[in-house]
Amino acid sequence: MPNSLTEFYQQTYSAVTDFLFYKTIFTQPLRKTLLYLVLLSAHIAVALTLIFAWQNGSKFLEIFRWAQQNFPVLEVRDGRLWVHSEQPLIKRYRGEQLITFVFDTTGTYSDPREIQEPAFLFTQEKLYLHELGQTQTHDWKDFGSFQISPEVFSEAISLVKWLYFPTFFPLLLGYTLLAKASLTVVLSVIALSVSARYDVRLPFQQYFTISLYSLTPAVVIDLAVTMTGIEIPSFSFFYVATAVIYTYLATQKCVVMD
C-alpha cells in the first residue's frame, strides 16, 4: 500500500499538470485504473469528512449544548407530547441565524406561520417546522414513545463524536465511488467522440482510464473550493467543464501521433 500511495500521489499531480502523462497510463491494466478510482474516492471521502467536521462540527455541538441548557424535558407517549414546563414556552437560539422554538400543548399557538422563521412549533399532537415560507408537519404518533432531557442531549453529543467518522466516511466513500465512476463513464463517451475524429478506436477500458484521470483536476478544484466554505454559483458547470476539457485534450494527446 505505501508504494501504491506514492504512485497515486505522483499520478494525481501529473494528471493535473502534464498532458503527456496520459500517454503513459491510458494503456495500463484496468486493475490499476480501478485502484486509482478507489484511492481517489477514499481521499475525497476523508477530505470531505474532515472539512464538514471542521466547518459544521462546532456549530452542531453549540446548538446541542444550547438545547441541553434551554429545552424543557419532553416526553412523547401514546402519540402525544408532554412538556414538563409552564407553557407556552418560547426559546430563541441566537447563533449565526436566529431559530425560534415554541413549546405549547395548550393550543395558544397552532399556526407556525405566526412565528418568526425558521421556527419549530411543538404542539401536543404535531411537530411543525416552518422555514423559507414552507411548513413541514410531523405527527408525534409516528415517532413512537421517547423522552428528551438534558441527559439525553449529553449522551447524544458523546455518541455523535464517537460515531461521526465511522458512519459518515463509509457513506461518503460509497457515494463518491458511485458518483465518480458514473461521471467517468459519461466522460468516456466524450473521449470516444474525440478519438473518432481521428479514425481511432480504443478499447472501452482505455477511454475509462483517460476519463478517470481527466476528472482529477476538477476534483482537486472542487475540494479546494469546498475547503474555503465559499458557495460559487453554477460551480457544478465549471466542475464538469473542467473535466470535459481535460478529457478532450488528454484523449487528443493519446490518439494523435507526434
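**Exercise 1.** In this predicted model, work out whether Phe146 is buried, exposed or partly exposed, then classify its ring pair with Trp140.

*Solution.* Start with the accessibility of Phe146, which comes to 28%. Buried would need under 20% and exposed over 50%, so Phe146 counts as partly exposed. Now take its partner: Trp140 has a relative accessible area of just 4%, which makes it buried.

Next, the geometry. A pair of aromatic rings is described by the distance of the centres and the angle of the planes. For Trp140 and Phe146, the centres are 6.3 Å apart and the planes sit at 55 degrees. Stacked would need planes under 30 degrees apart and edge-to-face over 60, so this pair is tilted.

Last step: zoom out. Trp140 and Phe146 both belong to one aromatic cluster, whose other members are Trp66, Phe71, Tyr93, Phe101, Phe103, Phe120, Phe122 and Phe143.

**Exercise 2.** Find out how many aromatic pairs the whole structure holds, and classify the one made by Phe21 and Tyr22.

*Solution.* The search turns up 21 aromatic pairs. For Phe21 and Tyr22, the ring centres lie 5.6 Å apart and the planes meet at 70 degrees, so call this one edge-to-face. As for accessibility, Phe21 and Tyr22 are both buried.

**Exercise 3.** Describe how helices α5 and α6 pack against each other.

*Solution.* First, locate them: α5 covers residues 204-228 and α6 covers residues 235-255. Their axes come within 8 Å, crossing at roughly 150 degrees. The crossing is right-handed.

Then look at who touches whom. On the α5 side you'll find, among others, Ile210, Leu215, Pro217, Val219 and Asp222, and the α6 side includes Phe235, Phe238, Tyr239, Tyr246 and Cys254. Sort the contact by class and you get 14 nonpolar, five polar and one charged residues.

**Exercise 4.** Place Phe208 in its surroundings.

*Solution.* Phe208 sits in helix α5. Its relative accessibility is 9%, so it counts as buried. Skip the neighbours within four places in sequence, and Phe208 is in contact with Thr33, Leu34, Ala181, Thr184, Val185 and Ser188. What about Leu192? The C-alpha atoms of Phe208 and Leu192 are 9.6 Å apart, with their positions 16 residues apart in sequence.

**Exercise 5.** Go through the salt bridges and say which parts of the chain the pairs Lys32–Glu7 and Arg80–Glu125 tie together.

*Solution.* The whole structure has five salt bridges. Here are three of them, one step each.

- *Lys32 and Glu7.* The N to O distance is 2.9 Å. Lys32 is in helix α3 (residues 30-70) and Glu7 in helix α1 (residues 2-17), so the bridge ties together parts 25 residues apart in sequence. Both ends are partly exposed: Lys32 at 32% and Glu7 at 30%.
- *Glu75 and Arg77.* In this salt bridge the closest N and O atoms are 3.1 Å apart. Arg77 is partly exposed, at 34%.
- *Arg80 and Glu125.* These side chains meet at 3.5 Å, N to O. Arg80 belongs to strand β2 (residues 80-84), while Glu125 is in the loop between β5 (119-122) and β6 (126-131), so the pair ties together parts 45 residues apart in sequence. Arg80 is partly exposed at 33%, and Glu125 is partly exposed too, at 43%.

Definitions and conventions:
Residues are numbered from 1 along each chain as its sequence is written. This is a predicted model: local features need pLDDT of at least 70, side-chain atom pairs count only at pLDDT 80 or more; totals for chains, interfaces and linings use all residues. Side-chain values use heavy atoms; hydrogens and water are left out. Rings of Phe, Tyr and Trp (its six-membered ring) pair if their centres lie within 6.5 Å; planes under 30 degrees apart count as stacked, over 60 as edge-to-face and the rest as tilted. Buried means under 20% relative accessible area, exposed over 50%, partly exposed in between (1.4 Å probe, protein chains only). Axes are lines fitted to C-alpha atoms, for helices over the stretch in contact, and angles run from 0 to 180 degrees between N-to-C directions. Helices (H or I, at least four residues) and strands (E, at least two) are DSSP runs, numbered from the N terminus. A crossing is left-handed if the near helix is turned anticlockwise from the far one by less than a right angle, and right-handed if clockwise. Contact means heavy atoms within 4.5 Å. Ala, Val, Leu, Ile, Met, Phe, Trp, Tyr, Cys and Pro count as nonpolar, Asp, Glu, Lys and Arg as charged, and the others, Gly among them, as polar. A salt bridge is a side-chain nitrogen of Lys or Arg within 4 Å of a carboxyl oxygen of Asp or Glu.
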